[in-house]
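Here is a quick tour for someone meeting this structure for the first time. Have a look at the view below, then read on.

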Amino acid sequence: MSSQDPGFAPAKVNLYLRVTGRRADGFHLLDSLAVFAGVGDRVSALRSRRLILALDGPEAGELAAEADNLVLRAARALAAAAGCPPGAMLRLEKRLPVASGIGGGSADAAAALRVLAGLWGVQADLGAIAATLGADVPVCVAGRPARMQGVGEVLSPVPTLPHCGFLLANPRLPLATPAVFRARSGGFSEPASFPAGWADAEALAEWLRPLGNDLQAAAISLCPEVAEVLAAISTQSACLLARMSGSGATCFGLFPSPAEAEAAAAALPAGWWRWGGGLGVPADQP
Ligand SMILES: C[C@](O)(CO)[C@H](O)COP(=O)(O)OP(=O)(O)OC[C@H]1O[C@@H](n2ccc(N)nc2=O)[C@H](O)[C@@H]1O
Ligand SMILES: Nc1ncnc2c1ncn2[C@@H]1O[C@H](COP(=O)(O)OP(=O)(O)OP(=O)(O)O)[C@@H](O)[C@H]1O
């Protein structure tokens, strides 16, 4: 992701995820460290009188260009906030698996807000619009590693992450986020306590290890293949930590370097969606 490419919609990875409470409306209070991988979808837009969405890319088959696509919902929300007509010919190149816990739809919505704000020349509070579109959309608009609290909309900065690599793997089985929250049992967790920084990937893994993902057991109860993915990642050489992201089924592995993560991803079953590499570049850095 770079300032030259506001349309890049990177995968969001929850390095830990704690469910700390539940609101009266049923939404859960969370505490999570979200980072962005160097793999993602891409949103682009051309001027048009009507609002049109075209889908392509290797994962596009799983999605219909219907009115409830998050890219179209983002366009309508931005136009409403800006008081302008929502005209654009949008293209979504889908590379992230749908309903997989890495916030693909949320990243697409965030990218659409950035791209259309530029196309329409709109100055708007994209974070506030994002919060109306989904719990993961605000952090995707921020586009940099952040701590997520509240239901996902309360963002705070985190220490600079050390040089490290990430592997992402999904067994090609969609998991619906509401079903995973419903399947969760047990009480609530305490929020994490952050250090001033991490010397290296090993130190980050050590800190993350006890924090867990409070949705992982529920996801495994609905989709036992998640346990297979975790086992396959954790047995890769140099893997420091294997854990599920978000509500699953995508799991990540933390590695000392992007090259080691890339090699480990290539060794996983070819039938899975898999990727290995480094973190994405924050939105406002070249
Ligand atoms: C699990 C995470 O991926 C962690 O980053 C996110 O919290 C999910 O974010 P999201 O997919 O953008 O979620 P939304 O589309 O806003 O909500 C989908 C559904 O998940 C449940 N949900 C979501 C977020 C949240 N904090 N509490 C919830 O209980 C609700 O049933 C909600 O109806
Ligand atoms: N552009 C989009 N990309 C993916 N899903 C979309 C999109 N627009 C709408 N959706 C719908 O949103 C649902 C969630 O998809 P998404 O891929 O964002 O899930 P996720 O990766 O589990 O998200 P999160 O990690 O935020 O919970 C899907 O079931 C899909 O029907």
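Helix H2 gives the largest share of the shell around ligand 2, with four residues. Keep in mind as you go that this is a predicted model. H2 spans 104-120, and helix H1 (70-82) joins it among the elements that each supply at least two residues of that shell. Some of the nearest residues fit right into those spans: of the 19 residues around ligand 2, the ones that come nearest are Leu-70, Gly-104, Gly-105, Asp-136 and Gly-246.

What sort of residues make up the shell around ligand 2? They split into ten polar, seven nonpolar and two charged. The shell also draws on two parts of the chain, with at least three residues from domain 1 (8-154) and at least three from domain 2 (160-277).

Now for ligand 1. It has 19 residues around it, and His-28, Gly-134, Ala-135, Asp-136 and Gly-246 come nearest. Two or more residues of this shell come from each of strand E1 (8-22), strand E2 (28-46) and helix H5 (177-183). By class, you'll find eleven polar residues, seven nonpolar and one charged.

Why does ligand 1 lie between domain 1 and domain 2? Both domain 1 (8-154) and domain 2 (160-277) give residues to its shell, so ligand 1 sits between the two.

E1 and E2 deserve a look of their own. They form a hairpin, with five residues between the two strands. In the turn, Gly-26 has a positive phi of about 95°. E2 doesn't stop at E1, though: it also pairs with strand E5 (residues 146-149) and with strand E4 (residues 88-93). Here are the three pairings side by side:

| Strands | Sense | Bridges |
|---|---|---|
| E1 and E2 | antiparallel | twelve bridges |
| E2 and E4 | antiparallel | five bridges |
| E2 and E5 | antiparallel | three bridges |

If you'd like to find these pairings in the view, try one bridge from each. Between E1 and E2, Asn-14 has Ala-34 in E2 as its bridge partner. For the pairing with E5, look for Ser-32, whose bridge partner there is Met-148. For the pairing with E4, pick Arg-42, whose bridge partner in that strand is Glu-93.

So E2 turns up in two stories: E2 gives two or more residues to the shell around ligand 1, and twelve bridges join E2 to E1.

Methods. Residues numbered from 1 in each chain as written. Chains lettered and ligands numbered in written order. Predicted model: local features only at pLDDT ≥ 70, side-chain atom pairs only at ≥ 80, totals over all residues. Near = placed C-beta within 6 Å. Nonpolar A, V, L, I, M, F, W, Y, C, P; charged D, E, K, R; others polar. Domains from an automatic or database assignment. Pairing = 2+ DSSP bridges.
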